[in-house]
Every structure is written in C-alpha cells, then in structure tokens.
Amino acid sequence: MDILPQTPVAKVVVDLPASMLLFDHWNIDYCFAGHLTLADAVESMGLEMREVLSELRRLDKQSATPNWGQRSIKDLVAQLMEVHHVFNVDSLAGLRPAVTGVLLTFGPHYDFLPYLSEATEGLFANMERHMEMENEVIFPRFLALEENPVDSTDGFLEIMLEMEGDHAEIGDSFRFIREITANYQLPEESGNIFRALYSGLMELEKDMKVHIHLENNVLLPKVRQLLSR
Ligand SMILES: [Fe+2]
Ligand SMILES: [Fe+2]
C-alpha cells in the first residue's frame, strides 16, 4: 500500500492491520481519532514523520496479517461475533467479581473506588446491551443486505448512527476510567485482586479498540458502499 503523510491513520490500519501495535506503541489513537492524517497524528505526539513512515513501510513489506477491508461482511461479522464479542462476554464475567472484590477489600481506604465501581458497572451494562443489539438486530440486517442489496434499506442510517454513538460512549467510559485510576496506576496498598482488575480492564480496552475499529472503519464503510449502489 501507499503510506503517505496525508493518509488517514484508520486507512493505514484497515490496509495494514499489524500497524495497530505500532500505533499503540506511539500512543496514536487509530480507533477514535483514526480520521486524522498520519502527519497530524505524528505531529500531535511529537514524533518524527520520517521514522514513522519508514517503520510503517518496513512493516508493510513483511506483513501477512489478514486485510479485513478485502473480506466480505459475512467474514467480518463472524470475526466480530466469534472473537471480539466472545472475548467481551468472558472478560465481563471475570471483571464483575473483581470490581466487587476490590470494592469490598479496599473501599474504606480509597475514595475513588465507588466512582470506579459505578463507571465500570455502567460501561459493562452498556457493552452488553450494545453487543446484544448487534448480534440480534444489526448484524443480521447487514448480512441480509449483503445477500440481497436491493432489499429494503429502511432504517439503516439510523442503525449505523446508533452504533457509532454507542461506540463513542464506550470510548468515553474507558477514557473516564483511565482518569479515575490515573492510567491504571496501582495504589500503594493494593494486592492481586487490584492487579487482576486493572490488567483485565486494560486487556478489555485493548481489544475494544480493535473491535470498534473493525466496526467503525471497516464494516460500516462496506455497508455504506452497498447502500449507495
Ligand atoms: Fe461489536
Ligand atoms: Fe459495536
């Protein structure tokens, strides 16, 4: 692929998925700020454009990771449901008791814990509701559209706006949790349960960025393309 300073960050990640790791390393948000050009993103992080371009181009030459942009909606939906949605369900099953455990053990010592508990509970409930809607309503409609693009397209724009709105809210919740926890810095008096909670939340956040990137930057543009035919 041609990687240029004016290429949007999300486009680089769509065409070269392995670059996610580099963007994470550079602290460049390909998920929620993927519309920025490489030049703008690099400048905002005080990085050297020349070095960033040469690392990305080297990776492009070596990379053999799947390019989701070239796959069908059916393959993409299978990846989202079987990998990311399943991962989320498993994570939440472990994180809920961890939040309760931390709150019970350390609640009296740290003022921020009730806020963390409230924020995580809100986030988890939101994620569950959102995934259920995708599994039960949204994805089946996208699959039907791919099968038969001339079928009714009623309500698609609303569905997609709602999906993007939910994603933005989920992103805001993770940012808020980072604020409350000072970027998941363990307090002096903590223990294994605290460590498990923070590392579980970080894993969930990391997976969520890939998950939402695939939905916002790969899946929805494919649906829009079908609708515009
Ligand atoms: Fe999803
Ligand atoms: Fe989603």
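## The largest pocket

By class, the residues lining the largest pocket comprise 10 nonpolar, three polar and eight charged residues. The structure is a predicted model, and in it this pocket holds about 510 Å³ of space. Its lining is made up of 21 residues, and those that lie nearest the centre of the pocket are Asn27, Asp29, Arg178, Glu205 and Lys209.

Several helices contribute to this lining: helix H2 (19–25), helix H3 (38–44), H7 and helix H8 (192–227) each supply at least two residues, and H8 gives the most, with six residues. Because domain 1 (9–62) and domain 2 (68–227) both give residues to the lining, the largest pocket lies between the two domains.

## The iron ion (ligand 1)

The iron ion (ligand 1) is coordinated by His85 through NE2, Glu134 through OE, His211 through NE2 and Glu215 through OE, at 2.0 to 2.2 Å. Its four donor atoms subtend angles of 87 to 165°, and therefore the arrangement is irregular. For comparison, ideal angles at a metal are 109.5 degrees for four tetrahedral donors.

Along the sequence, the donor residues of the iron ion (ligand 1) are spaced H-x48-E-x76-H-x3-E. Distant parts of the chain are linked by the pair Glu134, in helix H6, and His211, in helix H8, which are 77 residues apart. Glu134 and His211 are both buried.

## The iron ion (ligand 2)

Around the iron ion (ligand 2), the coordinating residues are His130 (NE2), Glu134 (OE), His167 (NE2) and Glu215 (OE), with distances of 2.0 to 2.1 Å. Here the four donor atoms subtend angles of 80 to 170°, which makes this arrangement irregular. The spacing of the donors along the chain is H-x3-E-x32-H-x47-E, and a pair among them again links distant parts of the chain, namely His130 in helix H6 (residues 113–147) and His167 in helix H7 (residues 156–180), 37 residues apart. Both of these histidines, His130 and His167, are buried.

The two sites are joined through a shared residue, since Glu134 bridges the iron ion (ligand 1) and the iron ion (ligand 2), which lie 3.2 Å apart. Glu215 likewise appears among the residues that coordinate the iron ion (ligand 1) and among those that coordinate the iron ion (ligand 2).

## Cavities

A search of the whole structure finds two cavities of 30 Å³ or more. The largest cavity contains about 50 Å³ of space, and the residues that line it are Asn88, Met127, His130, Met131, His167, Ile170, Met208, His211 and Ile212. The elements that give two or more residues to this lining are H6, H7 and H8. Among the lining residues, His130 and His167 also coordinate the iron ion (ligand 2), while His211 also coordinates the iron ion (ligand 1). By class, the lining of the largest cavity has five nonpolar and four polar residues, with no charged residue.

The second largest cavity holds about 30 Å³ of space and is lined by Val99, Val102, Leu103, Leu113, Leu116, Ser117 and Leu197. Helix H5 (73–106) and H6 are the elements that give two or more residues to the lining of this second cavity. Its lining residues divide into six nonpolar and one polar, and none is charged.

## Individual residues in loops and in helix H8

Most residues other than glycine have a negative phi. Asn27, although it is not a glycine, has a positive phi of about 65°. Asn27 lies in the loop between H2 and H3 and is exposed, with a relative accessible area of 60%; Asn27 is also one of the residues that lie nearest the centre of the largest pocket. A second asparagine, Asn183, has a phi near 55°, again a positive value in a residue other than glycine, and Asn183 is found in the loop between H7 and H8.

Within helix H8 is Ile193, which is partly exposed, with a relative accessible area of 33%. Ile193 and Ala98 are 95 residues apart in sequence, yet their C-alpha atoms are 6.3 Å apart in space.

Definitions and conventions
Residues are numbered from 1 along each chain as its sequence is written. Chains are lettered from A and ligands numbered from 1 in the order in which they are written. This is a predicted model: local features need pLDDT of at least 70, side-chain atom pairs count only at pLDDT 80 or more; totals for chains, interfaces and linings use all residues. Side-chain values use heavy atoms; hydrogens and water are left out. Donors are N, O and S atoms within 2.8 Å of the metal (3.2 Å for Na, K and Ca); water is not among the atoms, so sites may look incomplete. Four donors count as tetrahedral if all angles lie between 85 and 135 degrees; four count as square planar and six as octahedral if opposite donors are over 155 degrees apart and all others between 65 and 115; anything else is irregular. Helices (H or I, at least four residues) and strands (E, at least two) are DSSP runs, numbered from the N terminus. Buried means under 20% relative accessible area, exposed over 50%, partly exposed in between (1.4 Å probe, protein chains only). On a 1 Å grid over the protein atoms alone, a cavity is a set of points where a 1.4 Å probe fits but cannot get out, and a pocket is an open set with protein on both sides within 12 Å along at least five of seven lines; lining residues have an atom within 4 Å of a point. Grid points are joined across faces, edges and corners, and a volume is the space filled by probe spheres set on the points. Ala, Val, Leu, Ile, Met, Phe, Trp, Tyr, Cys and Pro count as nonpolar, Asp, Glu, Lys and Arg as charged, and the others, Gly among them, as polar. Domain bounds come from an automatic or database domain assignment.
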